[in-house]
Amino acid sequence: MPERGTLLIAGASGTVGTALLRQLLPLWAGPVIAVGRRPPALRVTEFLCTDLGHQSDLGAACERIRASSAKPISAVVLAAGIDNRSTIMTFEPGDMENCFRINATSQLYLLASAVDARTPIRVVAISSDVVGKPTPGTMIYGASKAALEEGIRHATVDHPHGSLTALLVRLPYIGVPMGQPTPTIADSEPLAGAATSIVEFLTVATVSQQIRTWPDA
């Protein structure tokens, strides 16, 4: 059962991470490792203070994850993210690099550090409903989240025996930019629905589809 292993979560102190942990922690029997710039509001087994935009921080966190004496990691939640409202008329290369680094590259690196060929693993990526749905001012942000999704889709075929399964959560806008801790938003209907779907995916005995999306595509 996945709940007997270790859960690794990036972005646990943000709006989505907080809402998810509120529902998940009472049901998750194994250790929980949180990665992020701020400690989560709820108690976890271990917190790795990490700025995903800094290569040295990321490398140190990944080494700690690989060396962890905790139970094998059986679930990863990638809920970190930063917003960017640049358009094709205004964006600078640095904006794109930073957004992609935090929203996609660094989180895929965290996932790579958690994967063990001998252990089935379930992966949740918090994406956005602007992926595949062009929306003004979301060019860089949407592209970065699409890159995260696509990386995970390909990871499912890289893992031995097809034992990496994924839930891609395309969350609608909930009134707060990514990366901002806003607990008062945590009771919004879309966020509550997403958290419920994630908890079910992570704790159900058997996952019937290798890749699922929420809301169902």
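H161 is an exposed residue, with a relative accessible area of 78%. In this predicted model, H161 sits in the loop between helix 4 and strand 6. Its backbone is worth a look too: H161 is not a glycine, yet it has a positive phi of about 65 degrees. Most residues other than glycine have a negative phi, and most peptide bonds are trans. The second half of that statement has its own exception here, for a cis peptide bond joins W214 and P215, with omega at about -10 degrees. P215 is found in the segment after strand 7.

## Helix 4 and its surroundings

Stepping back from H161 along the chain brings us to helix 4. Helix 4 covers residues 139-158, 20 residues in total, and reaches 29 Å from its first C-alpha to its last. That is close to the 28 Å expected at 1.5 Å a residue.

Which residues of helix 4 are buried? They are I140, Y141, G142, S144, K145, L148, E149, I152, A155 and T156. The cover over these buried residues includes strand 4 (73-78), helix 3 (93-114), strand 5 (121-128), strand 6 (164-171) and strand 7 (211-214).

## Two helix pairs

Two packed helices are described by the angle between their axes and the distance between the axes. Here are two such pairs to compare with the picture above.

| Pair | Axes come within | Crossing angle |
|---|---|---|
| Helix 3 and helix 4 | 9 Å | roughly 20 degrees |
| Helix 2 (residues 55-67) and helix 3 | 8 Å | roughly 20 degrees |

Angles under 35 degrees count as roughly parallel, so helix 3 and helix 4 are roughly parallel to each other. Their crossing is right-handed. On the helix 3 side, the contact is made by D95, M96, C99, F100, N103, A104, Q107, L108 and L111. On the helix 4 side, it is made by I140, Y141, A143, S144, K145, A147, L148, G151 and I152.

Helix 2 and helix 3 are likewise roughly parallel to each other, and the crossing of helix 2 and helix 3 is right-handed. Helix 2 contributes Q55, L58, C62, I65 and R66 to this contact, while helix 3 contributes S106, Y109, L110, S113 and A114.

Y109, one of those helix 3 residues, gives a closer view of the meeting point. Y109 is partly exposed, with a relative accessible area of 31%. Leaving aside neighbours within four places in sequence, Y109 is in contact with Q55, L58, C62 and R66. Y109 and L58 are 51 residues apart along the chain, and their C-alpha atoms are separated by 8.3 Å.

## Helix 1, mostly tucked away

Is helix 1 largely enclosed or largely open? Eight of its 10 residues (residues 15-24) are buried, so helix 1 is largely enclosed by the rest of the structure. The buried ones are T15, V16, G17, T18, A19, L20, L21 and L24. Among the elements covering them are strand 1 (6-10), strand 4, strand 5, strand 6 and helix 5 (189-203).

## Two buried strand residues

Strand 5 holds V123, which counts as buried at 0% relative accessibility. Beyond residues up to four places away in sequence, V123 touches V76, L78, L111, I152, L164, T165, A166, L167 and F201. V123 and I9 are 114 residues apart in sequence and 9.9 Å apart in space, C-alpha to C-alpha.

T165, which V123 touches, lies in strand 6. T165 is buried as well, with a relative accessible area of 12%. Not counting residues up to four places away in sequence, T165 touches I121, R122, V123, F201, V207, Q209 and Q210.

## The cysteines

A disulfide is a covalent bond between the sulfur atoms of two cysteines. How many disulfides are there in this model? With a cut-off of 2.5 Å between the sulfur atoms, the count comes to zero disulfides. C49 is in no disulfide, and the nearest cysteine sulfur, that of C62, is 14 Å away. C49 counts as exposed at 56% relative accessibility.

Why is C99 not bonded to C62? The closest cysteine sulfur to that of C99 is in C62, and at 19 Å it is too far for a bond. C99 counts as buried, at 1% relative accessibility, and is one of the helix 3 residues that make the contact with helix 4.

Note on methods
Residues are numbered from 1 along each chain as its sequence is written. This is a predicted model: local features need pLDDT of at least 70, side-chain atom pairs count only at pLDDT 80 or more; totals for chains, interfaces and linings use all residues. Side-chain values use heavy atoms; hydrogens and water are left out. Helices (H or I, at least four residues) and strands (E, at least two) are DSSP runs, numbered from the N terminus. The expected span of a helix is 1.5 Å times one less than its number of residues. Buried means under 20% relative accessible area, exposed over 50%, partly exposed in between (1.4 Å probe, protein chains only). Contact means heavy atoms within 4.5 Å. Axes are lines fitted to C-alpha atoms, for helices over the stretch in contact, and angles run from 0 to 180 degrees between N-to-C directions. Angles under 35 degrees count as roughly parallel, over 145 as roughly antiparallel, 65 to 115 as roughly perpendicular and the rest as oblique. A crossing is left-handed if the near helix is turned anticlockwise from the far one by less than a right angle, and right-handed if clockwise.
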